Amino acid sequence: MPILNVQIMEGHSAAQKAALLKAASNAVVESIAAPLPSVRIVLQEVPAEHVIVGGEIGKAMARVDVALISGRDEAKKAALIAALNEAVCGSIGISGQDVRVLLRDVPNTDMGAANGITAKANGR
């Protein structure tokens, strides 16, 4: 039940943003074998004047925060990080040097699933 929050700079086309959402969804499914119906992604655009990277205001960047139900091993997490980096770069045309992916493990008792029950109660 991966939940992603993706932040990118404003100024990308609707087609690029749609491509990013689809590529990120596929990256999650392919790298950690999550079922597509369980993947949730929210895309947020940030004005350039609200970003500073390495002391440079308005420098290109993307940040992907991922909440996962605990239990995936280090290799799967590394594969997810790499796949999301590639999805972002390929979709919006920025360097992999400008992408950051942060993973958080969430106990299955602390993540809600469909109909307001925990992931654990839902068998995950």
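Trainee: In this predicted model, is Lys 77 buried, partly exposed or exposed?

Mentor: The relative accessible area of Lys 77 is 22%. A residue is called buried under 20% and exposed over 50%, with partly exposed in between. Because 22% falls between these two cut-offs, Lys 77 counts as partly exposed.

Trainee: Which residue does the side chain of Lys 77 meet in a salt bridge?

Mentor: The N to O distance in this salt bridge is 2.5 Å. Lys 77 lies in helix 2 while its partner lies in strand 6, so the pair ties together parts that are 28 residues apart in sequence. The partner is itself partly exposed, with a relative accessible area of 37%, and the residue that Lys 77 meets is Asp 105.

Trainee: Which residue is the bridge partner of Asp 105?

Mentor: Asp 105 belongs to strand 6, and eight bridges join strand 5 to strand 6, the two strands running parallel. In general, strands of a sheet pair through backbone hydrogen bonds, either parallel or antiparallel. The bridge partner of Asp 105 in strand 6 is Leu 68.

Trainee: Which strands stand at the edges of the sheet?

Mentor: The sheet is open and is formed by four strands in the order 2-1-5-6, with mixed pairing. An edge strand here has a single partner strand, so one side of it is left without a neighbour in the sheet. The strands placed in this way are strand 2 and strand 6.

Trainee: At about what angle does helix 2 run to strand 6?

Mentor: Helix 2 lies across strand 1, strand 5 and strand 6. With respect to strand 6, helix 2 runs at about 140 degrees.

Trainee: Is His 12 buried or exposed?

Mentor: His 12 lies in the loop between strand 1 (3–9) and helix 1 (14–32), and, leaving aside its neighbours within four places in sequence, His 12 is in contact with Lys 17, Glu 45 and Ile 92. Its relative accessibility is 18%, and because the cut-off for this class is under 20%, His 12 counts as buried.

Trainee: How far apart are the closest N and O atoms in the salt bridge of Lys 17 with Glu 45?

Mentor: A search of the whole structure finds four salt bridges, and Lys 17 with Glu 45 forms one of them. Lys 17 lies in helix 1 and Glu 45 in strand 2 (residues 40–46), so this pair ties together parts that are 28 residues apart in sequence. The closest N and O atoms of the pair are separated by 3.1 Å.

Notes. Residues are numbered from 1 along each chain as its sequence is written. This is a predicted model: local features need pLDDT of at least 70, side-chain atom pairs count only at pLDDT 80 or more; totals for chains, interfaces and linings use all residues. Side-chain values use heavy atoms; hydrogens and water are left out. Buried means under 20% relative accessible area, exposed over 50%, partly exposed in between (1.4 Å probe, protein chains only). Contact means heavy atoms within 4.5 Å. Two strands pair if DSSP finds at least two bridges between them. Axes are lines fitted to C-alpha atoms, for helices over the stretch in contact, and angles run from 0 to 180 degrees between N-to-C directions.
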